[in-house]
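Let's walk through this structure together, starting from the outside and working inward. Keep the 3D view open as you read.

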Amino acid sequence: MILRKISLVDLRQRAQNESVNLLIQSQDPGIYLVEADASSARYAVTIDNGQRLMTRSLGAMKRALVGIEYDAATLRHQSSFDEMIGNPTVGSDLALEMPLTL
């Protein structure tokens, strides 16, 4: 899926006027990316230089998102544990999700 991009500054402004949900994805140990759902579309959140907002800790991601009004935030972690130990995978999506407060 190709995501549209939205800058962190634009997301802060947009969140003041409409409903926004945040999805923080833990890609690898120590890599966190954020996506935002707004106006029935999903966006990759970027920083000033157009690169995706990426942090090395969940705490750093929370600090980067300070001031954004949101309805819900979710932390998603892709788990490959079953695959790594040779167990059959149940379904194709091994994501673990939990609600998050920023």
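The accessible surface of this predicted model comes to about 6,500 Å², and carbon and sulfur atoms account for 50% of that area. Of the protein's 102 residues, 32% count as buried. Taking the contacts between residues at least 6 apart in sequence, 55% join residues that are at least 24 apart.

Now trace the chain. You will find 3 helices and 7 strands, and from the N terminus on they follow the order β-α-β-β-β-β-α-β-α-β.

A good place to begin with the strands is β6, which covers residues 72-78 and pairs with β2, residues 20-28, in the parallel sense over 6 bridges. To find this pairing on your screen, look for L23, whose bridge partner in β6 is T74. Strand β6 is also joined to β7, residues 95-99, this time by 5 bridges and in the antiparallel sense. Here R76 can guide you, with E97 as its bridge partner in β7.

Next, turn to helix α1. Which of its residues are buried? They are L8, L11 and A15. Seen down the helix axis, these buried residues fall within an arc of 50°, so they line one face of α1. On the other side of the helix, Q16 and N17 are exposed. The buried residues of α1 pack against several elements, namely β1 (4-7), β2, β3, β4 and α2.

One of those buried residues, L11, deserves a closer look. Leaving aside neighbours within four places in sequence, L11 is in contact with I6, V20, L22, A36, V45 and I68. L11 also appears in the largest nonpolar core, which has 22 residues; the members that touch the most other members are L11, L22, I24, V45, L53 and L65. At least two residues of this core come from each of α1 (8-17), β2, β3, β4, α2 (58-64) and β6. Strand β3 gives the most, with 4 residues. In soluble globular proteins, nonpolar side chains tend to be buried together.

Strand β4 holds another residue to visit, T46. Is T46 buried or exposed? Its relative accessibility is 5%, so T46 counts as buried. Not counting residues up to four places away in sequence, T46 touches K5, I6, S7, L8, Q51, R52 and L53. Two of the residues already met come up again in that list: L8, one of the buried residues of α1, and L53, one of the core members with the most contacts to other members.

Our last stop is the loop between β3 (31-38) and β4 (41-46), where S39 is found. S40 belongs to the loop between β3 and β4 as well. What is the sign of phi at S39? Phi of S39 is positive, near 50°, and S40 also has a positive phi, near 60°. Most residues other than glycine have a negative phi, which makes this loop worth a moment of your time. As for their surroundings, S39 is partly exposed, with a relative accessible area of 48%, whereas S40 counts as exposed because its relative accessibility is 85%, and the cut-off for exposed is over 50%.

Technical notes. Residues numbered from 1 in each chain as written. Predicted model: local features only at pLDDT ≥ 70, side-chain atom pairs only at ≥ 80, totals over all residues. Heavy atoms only, no water. Pairing = 2+ DSSP bridges. Buried < 20%, exposed > 50% of the residue type's maximum accessible area, 1.4 Å probe, protein only. Contact = heavy atoms within 4.5 Å. Areas by Shrake-Rupley, 256 points an atom, 1.4 Å probe, with all protein chains shown as cover. Core = buried A, V, L, I, M, F, W, Y, C linked by side-chain atoms within 4.5 Å. Arc of directions from axis to C-beta.
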